[in-house]
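Visitor: Could you take me on a close look at a single part of this protein, and show me what surrounds it? I would like one connected tour rather than a list.

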Amino acid sequence: MKLYDSTMAPNPRRVRIFMAEKGVTCDNVQIDIIKGENLSEEFLAVNPRGFLPTLVLDDGTVIDETVAICRYIEETHPEPPLMGTDPVSKAQIEARQRHMEFDGLLGAMDAFRNSFPGFASRGLGGNVGTIDAIPALSERGKTMVLKYYETLNDHLAGSKFVAGDAFSVADITALCTIDFATAAARVPIPDACEDLKRWHGEVSARPSAQA
Ligand SMILES: N[C@@H](CCC(=O)N[C@@H](CS)C(=O)NCC(=O)O)C(=O)O
């Protein structure tokens, strides 16, 4: 297997952490998004949408979309389960995972994408042509992230992990969201969010977080 990856970006990191939790390794090809390598002819021949992560199986099958890649790894390497073990836990983890994407990751992406000078004419990612960034979306994204921190902090006051008692793909999405929001969008976790900080310290200490 070969993973088209970008160390600087949050979605590929979600897959790297997911694989590390499972002990799965594969070839790694680094694509520099800032330099626009994801829009090169060579990469678009692999994934015409121009997005990372993209996984290529040994038989040439291409799988894109972070959650689809995680699903493939979960099915082929079931232990430890990261996407639930029965109909209810599978549904709950999937719901929480979507909450992490829609409530947090989208805001962090908007905050960075619409303020980073290198993306001034790449307001939307991927192979969509020239679309200007909208600076006001950056401010809205920061507001979304702060709201997300508060909501997740409240949830974690009564829950060890993002989706119940076990570490799951929802924790991976939240960790990658928060680290990206802190480093790239410059929205750190407020000190008042003590439960979120407790959780962040715990999941960051897992060896997979280094992936
Ligand atoms: N829905 C896709 C989104 C992937 C995505 O947005 N990837 C970013 C990196 S985090 C990317 O490839 N951006 C390309 C660009 O900015 O042109 C997924 O979940 O995999």
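Guide: Happily; we will start at one helix, α1, and work outwards from there. Please keep in mind that this is a predicted model.

Helix α1 covers residues 10–22, and one good place to begin is N11, which lies in this helix. Is N11 buried or exposed? With a relative accessible area of 14%, it is buried, because anything under 20% counts as buried. Setting aside neighbours within four places in sequence, N11 is in contact with L52, P53, T66, L105 and M109. Those partners will lead us to the next few stops.

Take T66 first. T66 belongs to the α3 side of the contact between α1 and α3, where T66, V67, I69, C70, I73 and E74 meet N11, R14, V15, F18, M19 and K22 of α1. Sorted by class, this contact has seven nonpolar, two polar and three charged residues. How do two packed helices get described? By the angle between their axes and the distance between the axes. Here the axes of α1 and α3 come within 9 Å and cross at roughly 10°. Angles under 35 degrees count as roughly parallel, so α1 and α3 are roughly parallel to each other.

L105 and M109 point us to the other helix. On the α4 side, Q97, E101, L105 and M109 make the contact with P10, N11 and R14 of α1. The two helices pack at an angle of about 140°, with their axes 12 Å apart, and that makes α1 oblique to α4. The residues of this contact divide into three nonpolar, two polar and two charged. N11 and R14 are named in the contact with α3 and also in the contact with α4.

Now for L52 and P53. The peptide bond from L52 to P53 is cis, with omega near 5°. P53 sits in the loop between α2 (41–44) and β3 (54–56). Another cis peptide bond joins E79 and P80, with omega of about -15°, and P80 is in the loop between α3 and α4.

Just ahead of α3 you can stop at E65, in the loop between β4 (62–64) and α3. E65 has a positive phi of about 75° although it is not a glycine. Its relative accessibility is 47%, so E65 counts as partly exposed.

Back to N11, where the open space comes in. The largest pocket has a volume of about 1000 Å³. It is lined by 37 residues, and N11, F51, L52, L106 and M109 lie nearest its centre. The elements giving two or more residues to this lining are α1, α3 and α4, with α4 giving the most, nine residues. By class, the pocket lining has 20 nonpolar, nine polar and eight charged residues.

There is an enclosed space to visit too. The structure holds one cavity of 30 Å³ or more, with a volume of about 40 Å³. Its lining is V67, R71, M83, K90, I93, E94, Q97 and V169, and the elements that give two or more residues to it are α3 (66–76) and α4 (87–113). The largest share, four residues, comes from α4. This lining has four nonpolar, one polar and three charged residues. V67 returns here from the contact of α1 with α3, and Q97 from the contact of α1 with α4.

Key. Residues numbered from 1 in each chain as written. Predicted model: local features only at pLDDT ≥ 70, side-chain atom pairs only at ≥ 80, totals over all residues. Heavy atoms only, no water. 1 Å grid on protein atoms, 1.4 Å probe; cavity = no way out; pocket = protein on both sides within 12 Å on 5 of 7 lines; lining within 4 Å. Points joined across faces, edges and corners; volume = space filled by probe spheres on them. Nonpolar A, V, L, I, M, F, W, Y, C, P; charged D, E, K, R; others polar. Axes fitted to C-alpha atoms, helices over the stretch in contact; angles between N-to-C directions. Parallel < 35°, antiparallel > 145°, perpendicular 65-115°, else oblique. Contact = heavy atoms within 4.5 Å. Buried < 20%, exposed > 50% of the residue type's maximum accessible area, 1.4 Å probe, protein only.
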